[in-house]
Amino acid sequence: MGRSMVLISAVVLAFLVAAPIPEVTAKKYLVGDKKFWNPNINYTLWAQGKHFYVGDWLYFVFYRDQHNILEVNKADYEKCISNLPIRNYTRGAGRDIVPLYETRRYYLLDGRGGCVQGMKLDVLVETPPPPSSF
């Protein structure tokens, strides 16, 4: 009886190890890549071709005394208006995160004057695709 339990356990363990586990991992995007969150960078081009999914997050690196990260509505985004933000993601360190928790469009900009110099980012967050079957 003991030997059959060991054999059954080994078979179950082998099955569990061999069974494909769907890979669902959040992705961290360094906004602007090595140019970071700075004026005179085209963030529309930076975002082009990227797919942002629920659970991903945006990582902003910037001079904390010069810039910030605000979420605004579409109209304010288009006109670089920052006095009524939906949310301020700035925490003061210049290394801040915007978690993408919802399937929707995020309008992000610098509210300290950088928006008119291109420091704005429009991100569409999608539902992750179903895992591929093997």
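Q: What makes the side chains of strand β8 an alternating set?
A: In β8 (residues 120–126), Leu 121, Val 123 and Val 125 point to one face and are buried, that is, under 20% relative accessible area with a 1.4 Å probe, protein chains only. Lys 120, Asp 122, Leu 124 and Glu 126 point to the other face and are not buried. In a regular strand the side chains alternate between the two faces of the sheet.

Q: How do you know that the model is predicted, and how are values restricted?
A: The model is a predicted one, in which local features need pLDDT of at least 70 and side-chain atom pairs count only at pLDDT 80 or more, while totals for chains, interfaces and linings use all residues. Residues are numbered from 1 along each chain as its sequence is written, and side-chain values use heavy atoms, without hydrogens and water.

Q: Why are strands β7 and β8 called paired?
A: Pairing requires that DSSP find at least two bridges between two strands. Strand β7 (residues 105–109) and β8 have five bridges, in the antiparallel sense, and therefore meet this criterion. Leu 109 stands opposite Lys 120 in β8.

Q: What makes β2 a partner of β8?
A: Two bridges join β2 (residues 52–53) to β8, and the two strands run parallel; the requirement of at least two is therefore met. Tyr 53 stands opposite Glu 126 in β8.

Q: Which helices and strands does the protein chain have, and in what order?
A: The chain has three helices and eight strands, these being DSSP runs of H or I with at least four residues and of E with at least two, numbered from the N terminus. Their order is α-β-α-β-β-β-α-β-β-β-β.

Technical notes:
Buried < 20%, exposed > 50% of the residue type's maximum accessible area, 1.4 Å probe, protein only.
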